[in-house]
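Work through the following exercises with the sequence and the structure side by side. Each task is followed by a solution in steps.

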Amino acid sequence: STFSSRSDCAYAFEIIDQDLHRDLKFIRKVRNHFAHHPSEAAFSDGPVKDFCAQLSTSTNEKSPRTTFLIAVGLAIGTMHNIMLKKEKARCSED
């Protein structure tokens, strides 16, 4: 399935919270914009800058690219921790 449907499903099953789900939506939009408009896509302007401004890591001091990279890192770390907790719970059941 698609990235979008996977994040929607994870949110629906309460695996991820609303903030992470929202960040994943904007991370997907940035990725898609770069994939579909490679020659004109840039973090400094247009829709990519607007998408990055919607991320939970957005502040006036950070560039849109830095905001995006921090959001991706936090999303990966959060999802990794969720997986570790699930694995630990599964192992303790055995």
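The exercises below concern a predicted model.

**Exercise 1. Overall layout**

Determine how many helices and strands the protein chain has, and in what pattern they follow one another.

Solution.
- Step 1. Count the elements: the protein chain has 4 helices and 0 strands.
- Step 2. Read them along the sequence: the pattern is α-α-α-α.
- Step 3. Look at the extent of the C-alpha trace, which spans about 55 × 30 × 20 Å along its principal axes.
- Step 4. Add the burial figure: 24% of the 94 residues of the protein chain count as buried.
- Step 5. Turn to contacts with a separation of 6 or more: 36% of them in the protein chain are accounted for by residues 24 or more positions apart.

**Exercise 2. How α1 packs on α2**

Decide whether helix α1 is roughly parallel or roughly antiparallel to helix α2, and list the residues that meet.

Solution.
- Step 1. Two packed helices are described by the angle between their axes and the distance between the axes.
- Step 2. For α1 (residues 3-12) and α2 (residues 18-36), the angle is about 175° and the axes are 10 Å apart.
- Step 3. Angles over 145 degrees count as roughly antiparallel, so α1 is roughly antiparallel to α2.
- Step 4. List the contact residues: α1 brings Phe3, Ser4, Ser7, Asp8 and Tyr11, while α2 brings Gln18, His21, Leu24 and Arg28.
- Step 5. Sort them by class: the contact of α1 with α2 has 3 nonpolar, 4 polar and 2 charged residues.

**Exercise 3. Two residues in that contact, and the loop beside them**

Classify Ser7 as buried or exposed, do the same for His21, and then examine Glu14.

Solution.
- Step 1. Ser7 is found in helix α1. Its relative accessible area is 9%, and the cut-off for buried is under 20%, so Ser7 is buried.
- Step 2. Not counting residues up to four places away in sequence, Ser7 touches Ile16, His21 and Leu24.
- Step 3. His21 is found in helix α2. With 17% relative accessibility, His21 counts as buried as well.
- Step 4. Beyond its neighbours within four places in sequence, His21 is in contact with Ser7, Asp8, Tyr11 and Ile16.
- Step 5. Glu14 is found in the loop between α1 and α2. Its relative accessibility is 71%, so Glu14 counts as exposed.
- Step 6. Check the backbone of Glu14: phi is near 60°, a positive value in a residue other than glycine.

**Exercise 4. The largest nonpolar core**

Find which residues have the most contacts inside the largest nonpolar core, and which element gives the largest share of this core.

Solution.
- Step 1. In soluble globular proteins, nonpolar side chains tend to be buried together.
- Step 2. Here the largest nonpolar core has 16 residues, and those with the most contacts inside it are Ile27, Val30, Cys52, Leu55 and Phe68.
- Step 3. Two or more residues of this core come from each of α2, α3 (46-53) and α4 (64-93).
- Step 4. The largest share, 5 residues, comes from α2.
- Step 5. Take Val30 as a worked case: leaving aside its neighbours within four places in sequence, Val30 is in contact with Phe43, Val48, Phe51, Cys52 and Phe68.

**Exercise 5. Aromatic pairs**

Establish how many aromatic pairs the structure holds, and describe those that involve Phe43 with Phe34 and with Phe68.

Solution.
- Step 1. The structure holds 3 aromatic pairs.
- Step 2. Phe34 and Phe43 form a tilted pair, 5.0 Å centre to centre with 40° between the planes.
- Step 3. Phe43 and Phe68 also form a tilted pair, 5.5 Å centre to centre with 50° between the planes.
- Step 4. Place this second pair: Phe43 lies in the loop between α2 and α3 and Phe68 in helix α4, so the pair ties together parts that are 25 residues apart in sequence.
- Step 5. Join the pairs: Phe34, Phe43 and Phe68 form one aromatic cluster.
- Step 6. Compare burial: Phe43 and Phe68 are buried, whereas Phe34, at 27% relative accessibility, counts as partly exposed.

Note on methods:
Residues numbered from 1 in each chain as written. Predicted model: local features only at pLDDT ≥ 70, side-chain atom pairs only at ≥ 80, totals over all residues. Heavy atoms only, no water. Axes fitted to C-alpha atoms, helices over the stretch in contact; angles between N-to-C directions. Parallel < 35°, antiparallel > 145°, perpendicular 65-115°, else oblique. Contact = heavy atoms within 4.5 Å. Nonpolar A, V, L, I, M, F, W, Y, C, P; charged D, E, K, R; others polar. Core = buried A, V, L, I, M, F, W, Y, C linked by side-chain atoms within 4.5 Å. Buried < 20%, exposed > 50% of the residue type's maximum accessible area, 1.4 Å probe, protein only. Phe/Tyr/Trp six-rings, centres within 6.5 Å; stacked < 30°, edge-to-face > 60°.
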